[in-house]
Amino acid sequence: MTRLAVTLGLLAALLLPGAAQALEPMPPAGTTVYGKVTVLKDKRAGFFEDVRKVSREVTFIRDGTERPATPEMTVYEGDAIRVAQGACVIETPAGWRVEIAERSQVRLERSVIQRLGEVFYQVSGAFSVTVDDVELLVEGTGFKVTRDVPGNGELIVAEGGVRYRIPSIPGEKVKAGHAFEFTQTEAGDLRTLEGGELQELRAWRAERFEPSVVAGLRRNRAMIRIEGGLAFFDGLQSWGRGGVAARVRAYGPLWIGGGLGVMVRRGADVPTSPVLMALPIHLGARFIADLPRSFFIGGGIDFTMIVGERCSNVQDCERVTNVEPGGRLAADVGLLLSKRVGFDLEFSGGVSRFRLPSAAPGDPPTAIIVPQLHLSLGLFIRL
């Protein structure tokens, strides 16, 4: 019976790993609750994504055993948090926040022990952080501590004030808007933060620790893009171009989409058609990466088709419908204007098949490969 129970337990662990990992061992009786995990993210394909069930990048250590963290889990005094490629926010019942960035480790005690990495602390009462022999004493403030393996680091105070204690060195208070570097035996010179540094700190926090803030295209699942611009085709003659496209985010920075447009130019070289029109169709993929200050860059590849009419022969220029396949590479840069609207500038170039009119009716056309270039300004709606 014992063997059967063990076997069934092993099978359950293999078949239901997520459920097995999600079990949280209880601490010893009487252990004080420190807080709750309110934000939990794993970094996938370069972007921080909210964890829905079990984290692959954030773990907690309790009773000497390391286990994966889960959203909304309760943490206790004495727990250690390790973050690899991810981010985690612990919020206490008093509303304090301990925001732990990637490649960081902390131990949750009455005085938080920061063993490695970058952590932002937002507190409203008496609080302290220990970095080996260095102690940071706080009263109602927001500050960031960076610490490497030997125990060297940097303190950046965004709000309030922090007093530091280093053995054999008189402690001083660091006010908001200032920073200094430290070792276990020395304190560096105090410096004033520039405006750009505070903005970078806010952006750094928003990317990692705000679950509901739309900060970049990674939080959108689809978009509709309306474009207008120029196209160069058929001997690199210029065409006016407009169209609409739709994209769906497949995973991380990868988007899949397609679109339909219209190209128009004067037909001075075609007596029977004063205005020439063609319909460009494309289907392809884009990799889009967010940049600071709401900018982004992207690139990808498209399969294209250009549908239009052409002269079947040079004698009577009988018009026939034609479909010309091709491919192109694209690069774009853009700016997010709001949570729902943005614009971008895209340049793409490639090749396409083009069939020349035959010398006489009934003769087969000659197919050649010609370049195609496109420049467009797009306005898109984020869904």
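Reader: Why is Arg191 called partly exposed?

Author: In this predicted model, Arg191 has a relative accessible area of 32%. Buried requires under 20% and exposed over 50%, so Arg191, at 32%, is partly exposed.

Reader: What makes the contact of Glu154 and Arg191 a salt bridge?

Author: The side chains of Glu154 and Arg191 meet at 3.0 Å, N to O. The cut-off is 4 Å between a side-chain nitrogen of Lys or Arg and a carboxyl oxygen of Asp or Glu, so the pair qualifies. Glu154 lies in strand E12 (residues 153–159) and Arg191 in strand E16 (residues 191–192), so the salt bridge ties together parts that are 37 residues apart in sequence. Glu154 counts as buried, because its relative accessibility is 17% and the limit is under 20%. The whole structure holds 24 salt bridges.

Reader: How do you know that Arg286 and Asp302 form a salt bridge, and where do the two residues lie?

Author: Their side chains meet at 2.7 Å, N to O, and the criterion is within 4 Å. Arg286 belongs to strand E20 (residues 275–290) and Asp302 to strand E21, 16 residues apart. Both Arg286 and Asp302 are buried. The two also belong to a network of salt bridges that links Arg247, Arg286, Asp302, Arg328 and Glu346.

Reader: Is Arg208 buried or exposed, and what is the state of its partner Glu207?

Author: Arg208 has 9% relative accessibility and counts as buried, because the limit is under 20%. Glu207, at 26%, counts as partly exposed. The side chains of Arg208 and Glu207 meet in a salt bridge of 3.2 Å, N to O.

Reader: Why are the buried residues of helix H3 said to line one face?

Author: The buried residues of H3 are Leu201, Trp204, Arg205, Arg208 and Phe209. Seen down the helix axis, they fall within an arc of 95 degrees, so they line one face. On the other side of H3, Glu200 and Arg202 are exposed. As background, an α-helix has 3.6 residues a turn, so residues three or four places apart point the same way. Helix H3 covers residues 195–209, and its 15 residues reach 21 Å from first C-alpha to last, close to the expected 21 Å.

Reader: Why is the pair of Tyr121 and Phe143 called stacked?

Author: The ring centres of Tyr121 and Phe143 are 5.1 Å apart, with 20 degrees between the planes. Pairing needs centres within 6.5 Å and stacking needs planes under 30 degrees apart, so this pair is stacked. Tyr121 is in strand E10 (residues 112–131) and Phe143 in strand E11 (residues 134–147), 22 residues apart. Both rings belong to buried residues. Ring pairs also link Trp96, Tyr121, Phe127 and Phe143 into a cluster.

Reader: What makes the pair of Phe233 and Phe354 edge-to-face?

Author: The planes of Phe233 and Phe354 are 80 degrees apart, with 5.8 Å centre to centre. Edge-to-face applies over 60 degrees, so the name fits. Phe233 lies in strand E17 (residues 222–233) and Phe354 in strand E23, so the pair ties together parts that are 121 residues apart in sequence. Phe233, with a relative accessible area of 5%, is buried, and Phe354 is buried at 16%.

Reader: How do you know that Phe343 can belong to a nonpolar surface patch?

Author: Phe343 lies in strand E23 and has a relative accessible area of 33%. Patch residues need over 30%, so Phe343 passes. The patch covers about 960 Å², and its members include Phe343, Leu345 and Phe347.

Methods: Residues are numbered from 1 along each chain as its sequence is written. This is a predicted model: local features need pLDDT of at least 70, side-chain atom pairs count only at pLDDT 80 or more; totals for chains, interfaces and linings use all residues. Side-chain values use heavy atoms; hydrogens and water are left out. Helices (H or I, at least four residues) and strands (E, at least two) are DSSP runs, numbered from the N terminus. The expected span of a helix is 1.5 Å times one less than its number of residues. Buried means under 20% relative accessible area, exposed over 50%, partly exposed in between (1.4 Å probe, protein chains only). The arc is that of the directions from the helix axis to the C-beta atoms. Patches are made of residues with over 30% relative accessible area and no salt bridge: like charges are joined within 9 Å, nonpolar side chains (Val, Leu, Ile, Met, Phe, Trp, Tyr) within 5 Å. Accessible areas come from the Shrake-Rupley method with a 1.4 Å probe; for residues, only the protein chains shown count as cover. Rings of Phe, Tyr and Trp (its six-membered ring) pair if their centres lie within 6.5 Å; planes under 30 degrees apart count as stacked, over 60 as edge-to-face and the rest as tilted.
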